[in-house]
Amino acid sequence: MLLITGTSGGLGSLIARRLMDRPDVRFGTRAPDGPGQVRMDFDDPDSLDFAGVDTLLLISAGYGEDDQVIARHEAAVSAAERDGVRHIVYTSLTGAGDHLPYALAHRWTERRLRASAAAWTVLRNGLYAELLAALAAPGPDGVITAPLGGGRLAAVAREDLAEVAVRVALAPDAHAGQVYELVGDRPLGGAELAAAVGARYAPGSLAAARTALSGPDAAPFQPPMLVATYSAVASGFLDTPDDGTLPRLLGRPPRAALEVYAAHPGPAGI
């Protein structure tokens, strides 16, 4: 049996949609309300029951402070080991993202998996093109002020990452011990984004972005997380394109990230 965690999230829901008709798949979520769904809350280790599970597709347990995310992942991996899961497929972060503040929990989890008795596969996902649509959305005046500078991002369609995850999780033995870098094949800059949606690109400062992000509804860790993402893009740390891994695993060319960006209008600001 295959069990997928986090199926109420953005990536997990796309994966679940592809597998919902399979009787040998279970879908982990905090609040199950449909067929094949089981309660799974990483903040409640007693809810983690992987008995009978052969393959665990471990979707990263969401944004939070490092200690919180690490505790969630430790609970999941320990429960998988306890219950005899043979293979863990983990959705991590691209190696180019090591400058991002949310990379640490991913790298910790990768190290934890390497020390596990279970077989493992790591899917190092690039930043989503859909996220880029929110990070660099035009304002009401038609101007993109996201502080990307002259940097570029090798963004990738979340649908493609979901498809790869499904392919790997359904045939895990063929991918045991592999770390796959899954990024876009065409790094995108602010000027290209603006042209795609008929906007103008006039990048602002990181300080201005931090102020805009620091609203009353923002969790304390969110503004620095997003500002660091802008900074990493602007500084050229996330512009390395795909080396052929993504189309090889998909069995087809990937979706064009620029088209995904243009089709997912984000908010006027973040």
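The following paragraphs describe the sheet of this predicted model, a helix packed on that sheet, and the enclosed cavities.

The sheet is open and consists of 7 strands, which pair in parallel and follow the order β3-β2-β1-β4-β5-β6-β9. Its edges are formed by β3 (37–39) and β9 (179–182); each has a single partner strand, so one side of each is left without a neighbour in the sheet. On average, and with direction ignored, neighbouring strands are turned by 20 degrees against each other.

Within this sheet, strand β5, residues 87–93, pairs with strand β6, residues 119–125, in the parallel sense over 7 bridges. In this pairing V89 stands opposite T121 of β6. Helix α5, residues 158–170, packs on the sheet and touches β1 (2–4), β4 (55–59), β5, β6 and β9. The direction of helix α5 makes about 170 degrees with that of β6.

The model also contains 2 cavities of 30 Å³ or more. The largest cavity holds about 60 Å³ of space. Its lining is made up of A155, V156, D160, G184, D185, R186, L188, L246, P254, R255, A257 and L258. By residue class, this lining comprises 7 nonpolar, 1 polar and 4 charged residues.

The second largest cavity has a volume of about 40 Å³. The residues lining the second largest cavity are T94, A96, G126, L127, L153, A154, V183, L238 and T240. Of these, 6 are nonpolar and 3 are polar, with no charged residue. The lining of the largest cavity, by contrast, includes 4 charged residues.

Terms used
Residues numbered from 1 in each chain as written. Predicted model: local features only at pLDDT ≥ 70, side-chain atom pairs only at ≥ 80, totals over all residues. Heavy atoms only, no water. Pairing = 2+ DSSP bridges. Helix = DSSP H or I, 4+ residues; strand = E, 2+ residues; numbered from the N terminus. Axes fitted to C-alpha atoms, helices over the stretch in contact; angles between N-to-C directions. Contact = heavy atoms within 4.5 Å. 1 Å grid on protein atoms, 1.4 Å probe; cavity = no way out; pocket = protein on both sides within 12 Å on 5 of 7 lines; lining within 4 Å. Points joined across faces, edges and corners; volume = space filled by probe spheres on them. Nonpolar A, V, L, I, M, F, W, Y, C, P; charged D, E, K, R; others polar.
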